[in-house]
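Reader: I am a first-year student and should like to take a close look at one part of this model, namely its cysteines and the bonds they may or may not form. Could you please begin there and then connect that part to the rest of the chain?

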Amino acid sequence: MKASVPITYLLDTYETARGGTEGQFLQLVTGIDRTRYVPSVVLLRSSQWVETHSMGCHVTVLGIWKLARLATLTKLIRLGWSLRRAGCRIVHCYFNDVSLVAPIILGLYGFRIIVSRRDMGIWYTPFKLLLLRLNARFVDCYVVNSEAVKKIVQQYEWVPAKRIRVIYNGLPCEPSEEANAVNLRQQHGLEGTWPLIGVVANIRKVKRIDTLIRAFAEVVVRYQDATLIVVGDTEHEQALEEFEYLKILIQELGIENKVRFTGAVDNTRSYINMFTVAVLCSESEGLSNSIIEYMQAGRPVVCTNVGGNPELVVEGVSGYLVEVGDHAALADRMMVLLSDETVARAMGEKGRESIMNICATSRMLEAQMACYDEVLSS
């Protein structure tokens, strides 16, 4: 029998399983076939989540807080020797910071290096791009989660298309029986309220929730019993300023009693099951896990025509696409769905059918392991 291959996942840190990228990583590291690959995880720095949860494999914390330090170089060199002694053959750099420094160091040890890219490069700077292009010489394969991200990596990081693999996100686990919309409606005082417009997104400027609030204010004129539910972290350091801005905007529009912020929740699916229409109006997305969850739940979707969104949502078939910042078009599409429940239901079902095929977890895991096989044999 062929022996399992040791593989190391190198991450900046791991703060919560709620995040889209973090959730995808946890599916990969826990679901990978141990008869083919034996995973271990190395983190630059620890977190409360890491200290209180298990990833189902060995986890090492290097204690690196800043990249531009001599100590960082020393620790990565020691890591290379340690992984080599352990028989590791593949190092998969899953987050962005590690891909700035690790490939050029660990590649010298003879490891096969894989780098994941899951966004549209909103974190790029000229200096970071210089580092990424230097490191690219030591990377065997880039794994991206959409064709849109592939184009970004080609254009900005100067990576040939033949070294990039598109592997769509895997579907999260099915919602549990306990997570039901009826209890949540009671909890939030929404019994009998219709329609419910919903968005799952952490409060960040890039998510453009202000566009949704402006559009919702127009919807309320026609549907006076409508409620907007924003499901996402409002207390994170990056959220505080944007959250204050959104509260002022809501007050200016006179819809304070129509908008609910849930804060961070463990089970977003139970909220999605309440939505009449599900929205995402980000200005940048690699491949949105929120949209995947909307479609899995059979919700009609209205989202911005950016990144990987049009690879999931077919205009007029499984939802509607609008341009970034166009709150009038967003309001119009939401009201189209609210005015015709037959159309909305049909779009939701079409979305459910397509997403179960495109983003099956089993397909994601098999594609990822096939990528590892290819890299080892090349």
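**Cysteines, salt bridges and their setting**

Author: In this predicted model, a search of the whole structure finds 0 disulfides. Cysteine 281 shows why: the closest cysteine sulfur belongs to cysteine 303 and lies 9.7 Å away, which is too far for a bond, since a disulfide requires two cysteine sulfur atoms within 2.5 Å. Cysteine 359 is likewise in no disulfide, and its nearest cysteine sulfur, again that of cysteine 303, is 13 Å away. What is the surrounding of these two residues, buried or exposed? Cysteine 281 is buried, with a relative accessible area of 3%. Cysteine 359 is buried too, and its relative accessible area is 0%.

From the cysteines we may turn to the charged side chains. The structure holds 13 salt bridges. One of them joins arginine 117 to glutamate 157, with 2.6 Å between the closest N and O atoms. This pair links distant parts of the chain, for arginine 117 belongs to strand β5 (residues 112-117) and glutamate 157 to helix α6, 40 residues apart. Both arginine 117 and glutamate 157 are buried.

A further salt bridge is formed by the side chains of glutamate 285 and lysine 207, at 2.8 Å from N to O. Here, too, distant parts of the chain are linked: glutamate 285 sits in the loop between β11 (277-280) and α11 (289-296), lysine 207 sits in the loop between β8 and α8, and the two are 78 residues apart. Glutamate 285 has a relative accessibility of 7% and therefore counts as buried, the limit for that word being under 20%.

The side chains of arginine 269 and glutamate 293 also meet in a salt bridge, with an N to O distance of 3.5 Å. Arginine 269 lies in helix α10 (residues 268-272) and glutamate 293 in helix α11, so that this pair, 24 residues apart, again links distant parts of the chain. Arginine 269 counts as buried at 9% relative accessibility, and glutamate 293 counts as buried at 11%. Salt bridges can also share partners: Arg36, Glu366 and Asp373 are joined in this way into one network.

The loop that holds lysine 207 deserves a second look. Arginine 208 lies in the loop between β8 (196-200) and α8 (209-222). The phi of arginine 208 is near 50°, a positive value in a residue other than glycine. Arginine 208 is partly exposed, with a relative accessible area of 22%.

The helix that holds glutamate 157 leads to another case of this kind. Tryptophan 158 lies in the loop between α6 (147-157) and β7 (164-166). Although tryptophan 158 is not a glycine, its phi is positive, at about 60°. How much of tryptophan 158 is accessible? Its relative accessible area is 59%, and it is therefore classed as exposed, the limit for that class being over 50%.

The surface has a nonpolar feature as well. Leu70, Leu73, Ile77 and Trp81 form a nonpolar patch there, with about 410 Å² of accessible area together. Of these residues, leucine 73 may serve as an example: it lies in helix α3 (residues 70-85) and is partly exposed, with a relative accessible area of 38%.

Finally, these parts may be placed within the whole chain. There are 15 helices and 13 strands in the chain. Its radius of gyration is 22 Å, close to the 21 Å that the globule rule gives for 378 residues, so the chain is as compact as a globular protein of that length. Taken along the principal axes, the C-alpha atoms fill a box of roughly 65 × 45 × 40 Å. Buried residues, to which cysteine 281 belongs, make up 54% of the 378 residues. The accessible surface of the chain comes to about 17100 Å², and 52% of it belongs to carbon and sulfur atoms. Among contacts between residues at least 6 apart in sequence, 70% join residues at least 24 apart.

Key:
Residues numbered from 1 in each chain as written. Predicted model: local features only at pLDDT ≥ 70, side-chain atom pairs only at ≥ 80, totals over all residues. Heavy atoms only, no water. Helix = DSSP H or I, 4+ residues; strand = E, 2+ residues; numbered from the N terminus. Buried < 20%, exposed > 50% of the residue type's maximum accessible area, 1.4 Å probe, protein only. Patch = residues over 30% accessible without salt bridge, like charges linked within 9 Å, V, L, I, M, F, W, Y side chains within 5 Å. Areas by Shrake-Rupley, 256 points an atom, 1.4 Å probe, with all protein chains shown as cover. Salt bridge = Lys/Arg side-chain N within 4 Å of Asp/Glu carboxyl O. Rg over C-alpha atoms; globule rule 2.2 N^0.38 Å. Contact = heavy atoms within 4.5 Å.
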